[in-house]
Amino acid sequence: MIRALYIGRFQPYHNGHHYVINHIAKEVDELIIGIGSAQMSHEPADPFTAGERVLMITCALQEMNKPLYVIPLEDINRNALWVSHVRAMTPPFHRIYSGNPLVIRLFHEAETEAFTPAMYERATLSGTKIRGRILRDEPWEKFVPSSVVRVIQEIDGISRIKALNQDDGDSSGE
């Protein structure tokens, strides 16, 4: 039996994540989704809480026919200890998938199989680009699963993203 960990920030969970997770699921028996930087929220680059991201992911993956665990992972800002921290917060796993080169390196040094999955339509599918579309009032809904659209609407995420990106007019930088 192979249990794997896939780590991402999921700000928001989008069709690129969905594609990667569905491909990983074909290679493993069980999947752990690690929500990285779980302590971050209500910031322009990290507008959603860990709980909101859990909701996005679990709603989007309801049809997956294998055991799935969604675990928030807070940053500890000590890279040499981070793998141990992740292992303490998750069920045991045999391999890791991440698009973050540092995460891959840290797990490689910890002698864990580490893979960088092929990204899907990266030119349009990134949290940064989707949040930018929301800010510019451009269509964004087709870039995320329909269940994620519903979650973002439920939590009033559009107005949150816009409010978090407002300039306070203070040019002094304070």
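**A walk around helix 6 and its surroundings**

The buried residues of helix 6 pack against helix 2 and against helix 7, which spans residues 157–164. Keep in mind as you look that this is a predicted model. Which residues of helix 6 are the buried ones? They are S147, V148, V149, V151 and I152. Just after helix 6 comes D156, and its phi is positive, near 60 degrees.

Let's take the partner helix 2 next. Helix 2 covers residues 50–60 and helix 6 covers residues 146–154; their axes come within 8 Å and cross at roughly 150 degrees. An angle over 145 degrees counts as roughly antiparallel, so that is how helix 2 runs relative to helix 6. The crossing of helix 2 past helix 6 is right-handed.

Now zoom in on the residues where these two helices meet. From helix 2 come E52, L55, M56, C59 and A60, and from helix 6 come S147, V148, V151, I152 and E154. Sort the residues of this contact by character and you get seven nonpolar, one polar and two charged. Some names turn up again here: S147, V148, V151 and I152 are on the list of buried residues in helix 6, and they also take part in the meeting with helix 2.

Time to move on to helix 3, residues 79–89. Here W82, V83, H85 and V86 are buried. Why do they line one face of the helix? Look down the axis of helix 3: the buried residues fall within an arc of 165 degrees, so they sit along one face. Turn to the face pointing away from that buried side and you'll find the exposed residues A80, S84 and A88. And what covers the buried residues of helix 3? The cover includes strand 1 (residues 3–8) and helix 4 (residues 101–109).

One last stop is L135, which lies in helix 5, residues 127–135. Is L135 buried, exposed or partly exposed? Its relative accessibility is 35%, so L135 counts as partly exposed, since that class lies between under 20% for buried and over 50% for exposed. Leaving aside residues up to four places away in sequence, L135 touches I161, K162 and N165. For a sense of distance, pick out H108 as well: L135 and H108 are 27 residues apart along the chain, and their C-alpha atoms are separated by 38 Å.

Terms used
Residues numbered from 1 in each chain as written. Predicted model: local features only at pLDDT ≥ 70, side-chain atom pairs only at ≥ 80, totals over all residues. Heavy atoms only, no water. Buried < 20%, exposed > 50% of the residue type's maximum accessible area, 1.4 Å probe, protein only. Helix = DSSP H or I, 4+ residues; strand = E, 2+ residues; numbered from the N terminus. Arc of directions from axis to C-beta. Contact = heavy atoms within 4.5 Å. Axes fitted to C-alpha atoms, helices over the stretch in contact; angles between N-to-C directions. Parallel < 35°, antiparallel > 145°, perpendicular 65-115°, else oblique. Left-handed = near helix turned anticlockwise from the far one by under 90°. Nonpolar A, V, L, I, M, F, W, Y, C, P; charged D, E, K, R; others polar.
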